[in-house]
Amino acid sequence: MKFKSKLIYTSHIDTPLGGITMAATDQGLAGVWFDQQRHWPDTTGWIAKDDHPALVEAAAQLHDYFAGKRDHFDMKLDLSHGTAFQQSVWQQLLTIPAGATLTYGTLSAKLGNPTAVRAVGAAVGRNPISVIVPCHRVLGADGSLTGYAGGLERKTALLELEGAL
């Protein structure tokens, strides 16, 4: 993923599921990736800024989430770095509550295009804001834990943390 913004700020935190790199623009949190995750962005030119307000807030909320003190996130997000279709999928992911799951097919239907399951799956896989934009809550048609850019072990752990498994 290549970000459209010229100024990207970054910070790294440790979590029970491994290290996380976060990115923010002046518009809000723009990225959360587990270390060694698929679809890693090009970080050339990013500015390390641990005290950026969006990164500080994201770190605090993620720590609360992993400690079981939070089941939803409340922060400004910048999802502008994907295509219009990807952004629509990512926005729909935000409507899946903690402890709930749905299938790629159901997600496609909610987007008004029930035959776009593969395209929806590809957009879910390119979600730049792991955990906070809950792509881990999307399952295969048979309820199986298919695909997660951060690894199926992490997907399982996130769903267990939320009580969905």
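## Briefing: sheet, cores and one loop residue

Strand 3, residues 28–34, is mostly covered: seven of its seven residues are buried. The model is a predicted one. Strand 3 belongs to an open sheet of four strands with mixed pairing. Leu 29 is one of the five residues that touch the most other members of the largest nonpolar core. Gln 36, in contrast, is exposed.

**The sheet**

- The strand order is 3-2-1-4.
- Strand 3 and strand 4 (47–48) are the edge strands, and each pairs on one side only.
- Strand 2 covers residues 18–25 and runs antiparallel to strand 3, with six bridges joining the two.
- A hairpin of two residues links strand 2 to strand 3.
- Within this pair, Met 22 stands opposite Val 32 of strand 3.
- Strand 1, residues 9–15, also pairs with strand 2 in the antiparallel sense, over seven bridges.
- Here Thr 10 stands opposite Ala 23 of strand 2.

**The largest nonpolar core**

- This core has 37 residues.
- Met 22, Leu 29, Leu 62, Leu 93 and Val 131 touch the most other members.
- Strand 1, strand 2 and strand 3 each supply at least two residues of this core, and so do helix 1 (53–66), helix 2 (84–93), helix 3 (104–110) and helix 4 (117–125).
- Helix 1 gives the most, with seven residues.

**Contacts of Leu 29**

- The following contacts leave out residues up to four places away in sequence.
- Leu 29 touches Met 22, Ala 23 and Ala 24.
- Leu 29 also touches Ala 54, Leu 55 and Ala 58.
- Further contacts of Leu 29 are Met 75, Lys 76, Leu 77 and Asp 78.
- Ile 129 and Ile 132 complete the list for Leu 29.

**A separate core**

- Another core, of six residues, lies apart from the largest one.
- Its members include Ile 8, Ala 23, Trp 33 and Trp 46.

**Gln 36**

- Gln 36 sits in the loop between strand 3 and strand 4.
- Gln 36 counts as exposed because its relative accessible area is 76%, and exposed means over 50%.
- Gln 36 and Phe 3 are 33 residues apart along the chain, and their C-alpha atoms are separated by 19 Å.

Note on methods: Residues are numbered from 1 along each chain as its sequence is written. This is a predicted model: local features need pLDDT of at least 70, side-chain atom pairs count only at pLDDT 80 or more; totals for chains, interfaces and linings use all residues. Side-chain values use heavy atoms; hydrogens and water are left out. Buried means under 20% relative accessible area, exposed over 50%, partly exposed in between (1.4 Å probe, protein chains only). Two strands pair if DSSP finds at least two bridges between them. A nonpolar core is a set of buried Ala, Val, Leu, Ile, Met, Phe, Trp, Tyr and Cys residues joined through side-chain atoms within 4.5 Å. Contact means heavy atoms within 4.5 Å.
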